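Grab a pencil and open your viewer. Here are a few exercises, each with a worked solution to check yourself against.

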Amino acid sequence: MVQYFYNGGAFMWPILLCLIFGIAVSIYKLWNLILASINTRKFLVRIKNALSEGGIEGAMEVCANTRGPVASIFHAGLMRANRGLDHVEKAIMNAGTIEMSELERGLIWLSTVATIAPMLGFTGTVAGMVKAFDDIAAANDISPSIVANGISIALLTTLFGLIVAMIIQFSHNFFVSRIDKLVIDMEESSVELVDSLIEMENAAKS
């Protein structure tokens, strides 16, 4: 594999840099999503218990001590609970937009790497083919060994570029699916929070 890399020529180095950069971004995103993931069901139970026992302040304390986007949007909504449910819903929507942007940070770089890597590979192949034909012209010979060796080396950049693109594209798609799940959790849990506040408000009136 190392010999193939060196045989591929100068274009193998930017492809390698794309792979290293893509893996670094993937590790960052994986760690980011691990920190953002919580058991939403258990968290909702804790919030409801806190609302019934300690009111809004108790629920806000639970949110402050819990990591992740769900806790963040809950905290934003509960901070405006004294202004009415309309303000709670608006605060949750605004906080949700910010959290979604934070979750999606870095995905554009993975998409860029997955696009650029095969393009670098194709460019390296074209450059290699030009060199191969120059070698044929210089040797004034079109023997199969000269043609096959030149084309083989030229195609190595495309091979490595496609491998890098597949690895990074898989990571990108995995992160998109995880983020979609987190967004659904945020939306569903937000509805339950608003319902809990409505029940709490109705109980206080009666």
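**Exercise 1.** Which residues does T66 touch, not counting residues up to four places away in sequence?

*Solution.* A word on the model: it's predicted, so local features need pLDDT of at least 70 and side-chain atom pairs count only at pLDDT 80 or more, while totals for chains, interfaces and linings use all residues. Residues are numbered from 1 along each chain as its sequence is written, and side-chain values use heavy atoms, with hydrogens and water left out.

- Start with the place: T66 sits in the loop between α3 and α4 (helices are DSSP runs of H or I, at least four residues, numbered from the N terminus).
- Now list the contacts (heavy atoms within 4.5 Å): T66 touches I38, F43, R46 and A71.
- Add the side chain of T66, which reaches the backbone oxygen of V62 at 2.7 Å.
- Finish with accessibility: T66 is buried, because its relative accessible area is 15% (buried means under 20%, exposed over 50%, partly exposed in between, with a 1.4 Å probe and protein chains only).

**Exercise 2.** Work out the surroundings of S37, starting from its loop.

*Solution.*

- S37 lies in the loop between α2 (12-36) and α3 (40-64).
- With a relative accessible area of 24%, S37 is partly exposed.
- A polar atom of the S37 side chain lies 2.7 Å from the backbone oxygen of L33.
- Setting aside neighbours within four places in sequence, S37 contacts R67, R178 and L182.
- For a sequence-distant pair, take S37 and K181: 144 residues apart in sequence, yet 9.7 Å apart in space, C-alpha to C-alpha.

**Exercise 3.** Describe how α4 packs on α5.

*Solution.*

- Get the geometry: the axes of α4 (residues 69-78) and α5 (residues 85-104) come within 8 Å and cross at roughly 150°. Axes here are lines fitted to C-alpha atoms over the stretch in contact, with angles from 0 to 180 degrees between N-to-C directions.
- Name the orientation: α4 and α5 are therefore roughly antiparallel (over 145 degrees; under 35 is roughly parallel, 65 to 115 roughly perpendicular and the rest oblique).
- Pick out the residues: α4 brings P69, S72, I73, A76 and G77, and α5 brings V88, A91, I92, A95, G96, E99 and L103.

**Exercise 4.** At what angle do α2 and α5 pack, and which residues meet?

*Solution.*

- The angle is about 145°, and the axes are 10 Å apart.
- From α2 come K29, N32, L33 and A36; they meet E102, L103 and E104 of α5.

How values were computed. Helices (H or I, at least four residues) and strands (E, at least two) are DSSP runs, numbered from the N terminus. A polar contact is a pair of N or O atoms within 3.5 Å; within protein, one must be able to donate a hydrogen and the other to accept it, and residues adjacent in sequence count only if both atoms are side-chain atoms.
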